[in-house]
Structures are given as structure tokens and as C-alpha cells.
Amino acid sequence: MMKIKKLMRDIELLEKVEELSEQSPNACIQCGTCSAGCPFVDEMDVLPERIFKYIVLDEVEKVLENNTMWICAACYTCSVRCPRDIDIARIMEGVRQIILRADIDNVDVDEVDNIEELPQLAVVGCFRKETG
Ligand code: SF4
Ligand code: SF4
């Protein structure tokens, strides 16, 4: 909680997302094409384009409090369909990077049941996605 509060206080969200992803959420026209084709949208708390709106408005808490960037499977369907040529998957990755670099884990390993029975790749993927 302390880490999240510090991150919310310190970060220039739009600037950092643009730096890490080399994409601009500002270019989004909220057409919804990304959400319409996303195979995982039903599992997301908020739609991808809503995340971009929050980023542009510097609503850090709203970005952090939902699961959208963690549910994103980086399948790139939205990235190839976006009429503004925004690589949405890279923005999701940028948001994950920001959170992970603040030393905030998406999943608490102590709370995962039967972790030893899960495939190692699935566990690592759950924690880190593409993030190095
Ligand atoms: S497809 Fe592109 S322009 Fe349309 S809502 Fe998604 S990110 Fe924005
Ligand atoms: S890259 Fe993420 S947000 Fe885009 S379609 Fe795939 S799962 Fe959905």
C-alpha cells in the first residue's frame, strides 16, 4: 500500500508510459476497436481504451486499481487493428513496467494455492508477462 501511494505521488504517468512504450495514449480516439477484438476483454475490470483515458487524465489510482494490464495477454490483436496505429500491447507493457519497477507485484506468491503443481512458465508469466 505504501509503495502504491508513493508511486501515485511521484509518477508523471503519461510521460513515463510514453517513454517506456514509445506510444502515445493521447492519440487514442476512443473508437473501441481494441476492446471489440480483444479475446480477454470479458475478464478485464475496465476496457483498454478507458485505461488510456485514465493515463491521459493522470488518474494514476484508477490505472493501478484495475486488472486490465495484467489480464492483457499481449496477443497484439488490438495493436494491428487500431486505426491510429497505436501499439496498445506496448502501452499495457509500459504500465506493467511502471508498477513492477516500483517493486509492486501483481500476485502475492504466498497466496497462490498449489503453486508447486503449476507449470513454471505459467507462474512466471503470471508475475511478469513480457516484462524482464
Ligand atoms: S483501437 Fe486505437 S484509437 Fe481505437 S480505442 Fe483502441 S487505442 Fe483508441
Ligand atoms: S494485446 Fe491485450 S488488450 Fe490487446 S487484444 Fe490482446 S489481450 Fe486484448
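A salt bridge is taken here as a side-chain nitrogen of Lys or Arg lying within 4 Å of a carboxyl oxygen of Asp or Glu. By this rule, four salt bridges are counted in the structure, which is a predicted model. Side chains of opposite charge can pair when their charged atoms come close.

One of the salt bridges joins Glu-19 to Lys-16, with 3.5 Å between the closest N and O atoms. Both residues belong to helix α2, and because they are three residues apart there, about one helical turn separates them. Glu-19 has a relative accessibility of 52% and therefore counts as exposed, whereas Lys-16, at 26%, counts as partly exposed. A further salt bridge links Arg-96 and Glu-93, whose closest N and O atoms are 2.9 Å apart. This pair lies in helix α8, again three residues apart, so that the partners are separated by about one helical turn. Arg-96 and Glu-93 are both buried. The side chains of Glu-59 and Lys-62 also form a salt bridge, with an N to O distance of 3.9 Å. Glu-59 is partly exposed at 29% relative accessibility, and Lys-62 is partly exposed at 33%.

The secondary structure of the protein chain consists of nine helices and zero strands. From the N terminus on, the order of elements is accordingly α-α-α-α-α-α-α-α-α. For 132 residues, a compact globule would have a radius of gyration near 14 Å, and the 15 Å of the protein chain agrees with this. The C-alpha trace spans about 45 × 35 × 25 Å along its principal axes. Of the 132 residues, 39% count as buried. The accessible surface of the chain amounts to about 8,000 Å², and carbon and sulfur atoms account for 49% of that area. Among contacts between residues at least 6 apart in sequence, 63% join residues at least 24 apart.

Helix α4 covers residues 48-56. Its buried residues are Pro-48, Glu-49, Ile-51, Phe-52, Tyr-54 and Ile-55. These buried residues pack against α2 (13-21), α3, α5 (60-64), α6 (68-71) and α8 (88-101). Just after α4, Asp-58 adopts a positive phi of about 60°.

Two ligand shells were examined. Around ligand 1 there are 14 residues, of which Cys-28, Cys-31, Gly-32, Cys-34 and Cys-82 come nearest. Helices α3 (33-37) and α4 each contribute at least two residues to this shell. By class, the shell of ligand 1 contains nine nonpolar, three polar and two charged residues. Ligand 2 is surrounded by Cys-38, Pro-39, Phe-40, Met-44, Cys-72, Ala-73, Ala-74, Cys-75, Tyr-76, Thr-77, Cys-78 and Ala-89. The shell of ligand 2 divides into eleven nonpolar residues, one polar residue and no charged residues. Charged residues are thus present in the shell of ligand 1 and absent from that of ligand 2.

Most residues other than glycine have a negative phi. Besides Asp-58, positive values occur in loop residues, including Glu-22 and Asn-114. Phi of Glu-22 is near 55°. Glu-22 is located in the loop between α2 and α3 and, with a relative accessibility of 60%, counts as exposed. Asn-114 has a phi of about 50° and is placed in the loop between α8 and α9 (120-128). The relative accessible area of Asn-114 is 44%, so this residue is partly exposed.

Several elements recur in these results. Helix α2 holds the pair Glu-19 and Lys-16, is one of the elements packed against the buried residues of α4, and precedes the loop that contains Glu-22. Helix α8 holds the pair Arg-96 and Glu-93 and also packs against the buried residues of α4. Helix α3 is likewise among the packing partners of α4, and both α3 and α4 supply residues to the shell around ligand 1.

Note on methods: Residues are numbered from 1 along each chain as its sequence is written. Chains are lettered from A and ligands numbered from 1 in the order in which they are written. This is a predicted model: local features need pLDDT of at least 70, side-chain atom pairs count only at pLDDT 80 or more; totals for chains, interfaces and linings use all residues. Side-chain values use heavy atoms; hydrogens and water are left out. A residue is near a molecule or strand if one of its heavy atoms lies within 4 Å of it. Helices (H or I, at least four residues) and strands (E, at least two) are DSSP runs, numbered from the N terminus. Ala, Val, Leu, Ile, Met, Phe, Trp, Tyr, Cys and Pro count as nonpolar, Asp, Glu, Lys and Arg as charged, and the others, Gly among them, as polar. The radius of gyration is taken over C-alpha atoms; the globule rule is 2.2 Å times the number of residues to the power 0.38. Buried means under 20% relative accessible area, exposed over 50%, partly exposed in between (1.4 Å probe, protein chains only). Contact means heavy atoms within 4.5 Å. Accessible areas come from the Shrake-Rupley method with a 1.4 Å probe; for residues, only the protein chains shown count as cover.
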